[in-house]
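The following exercises ask the reader to examine a structure step by step. Each task is followed by a worked solution.

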Amino acid sequence: MTEGPRTNTRDIARAAIREELSQVAFDLFRREGFDNVTVNDLAAASGVSRSTFLRYFGSKEDAVLGAVEAQGEQVAGALRARPADEDDWTALRHALDTVIEPYRQDPATALATTRLVVGTPALCTRQREKQNTWRPALARALAERTGPSRPSPLAQSVKAAAALDCLNIALDHWTASDGHLDLVDLLDEAFAALTPR
């Protein structure tokens, strides 16, 4: 039996420290406002040096959005794992469940984070930049799913971009409803609006 890659103690400790620093940063941003907090403030509140904080996060934006980049590969992996006979649009919709799962598990924290991002232009811009890195990964995953009559790279990129727009619009509506609307239903509705009839 082949074992998967092992996570060593250092990786576990590093992930725990990163999570703790991220939580301290998030709490401080919510209390003081993102623009009023410096990296030095974040380091002091975390009880670490500035250089230590910057080893874990390249910027204060990354302290909030650090997980966004990795989500792209998670969605691409979920897309590759979808049934081969499923159409691309349906597969993209279901692959995005990996992104919305935290919203379902802890809606209060997800809502607070989303409000912070939406209400802070620097965070909103940085999130969109990070999400733009998902498009090529999703387009490649779509290409890997298709046979010899695969759609053009342009068509795959358009599908990936449209899926991300559906996600963001659904999240906007969910946030505007204070988390009362069902995010899965909103995402389904957004995808349905672009489903060929």
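A contact means heavy atoms within 4.5 Å. The model is predicted: local features need pLDDT of at least 70, side-chain atom pairs count only at pLDDT 80 or more, and totals for chains, interfaces and linings use all residues. Residues are numbered from 1 along each chain as its sequence is written, and side-chain values use heavy atoms, with hydrogens and water left out.

**Exercise 1. Describe the overall build of the chain.**

Step 1. Helices (H or I, at least four residues) and strands (E, at least two) are DSSP runs, numbered from the N terminus. On this basis the chain has 11 helices and zero strands.

Step 2. Along its principal axes, the C-alpha trace spans about 55 × 50 × 30 Å.

Step 3. Consider contacts between residues at least 6 apart in sequence: 68% of them join residues at least 24 apart.

Step 4. A residue is buried under 20% relative accessible area, exposed over 50%, and partly exposed in between (1.4 Å probe, protein chains only). Buried residues account for 41% of the 197 residues.

**Exercise 2. Determine the span of helix H1 and what its buried residues pack against.**

Step 1. The expected span of a helix is 1.5 Å times one less than its number of residues. Helix H1 (residues 9–32) has 24 residues and reaches 34 Å from its first C-alpha to its last, close to the 34 Å expected at 1.5 Å a residue.

Step 2. The buried residues in H1 are Leu21, Ser22, Val24, Ala25, Phe26, Leu28 and Phe29.

Step 3. Their packing partners are helix H2 (39–46), helix H3 (50–56), helix H4 (60–81) and helix H7 (107–118).

**Exercise 3. Explain why helix H5 is largely enclosed by the rest of the structure.**

Step 1. Burial is found at Asp88, Trp89, Ala91, Leu92, Arg93 and Ala95 of H5.

Step 2. Helix H5 (residues 88–95) is largely enclosed because six of its eight residues are buried.

Step 3. The buried residues of H5 pack against H4, helix H6 (97–105), helix H9 (134–145), helix H10 (153–176) and helix H11 (183–193).

**Exercise 4. Establish how many disulfides the structure holds, and examine Cys124 and Cys166.**

Step 1. A disulfide is a pair of cysteine sulfur atoms within 2.5 Å. A search of the whole structure finds zero disulfides.

Step 2. Cys124 is in no disulfide, and the nearest cysteine sulfur, that of Cys166, lies 17 Å away. For Cys166, the closest cysteine sulfur is that of Cys124, and the 17 Å between them is too far for a bond.

Step 3. Cys124 is partly exposed, at 22% relative accessibility, whereas Cys166 is buried, with a relative accessible area of 4%.
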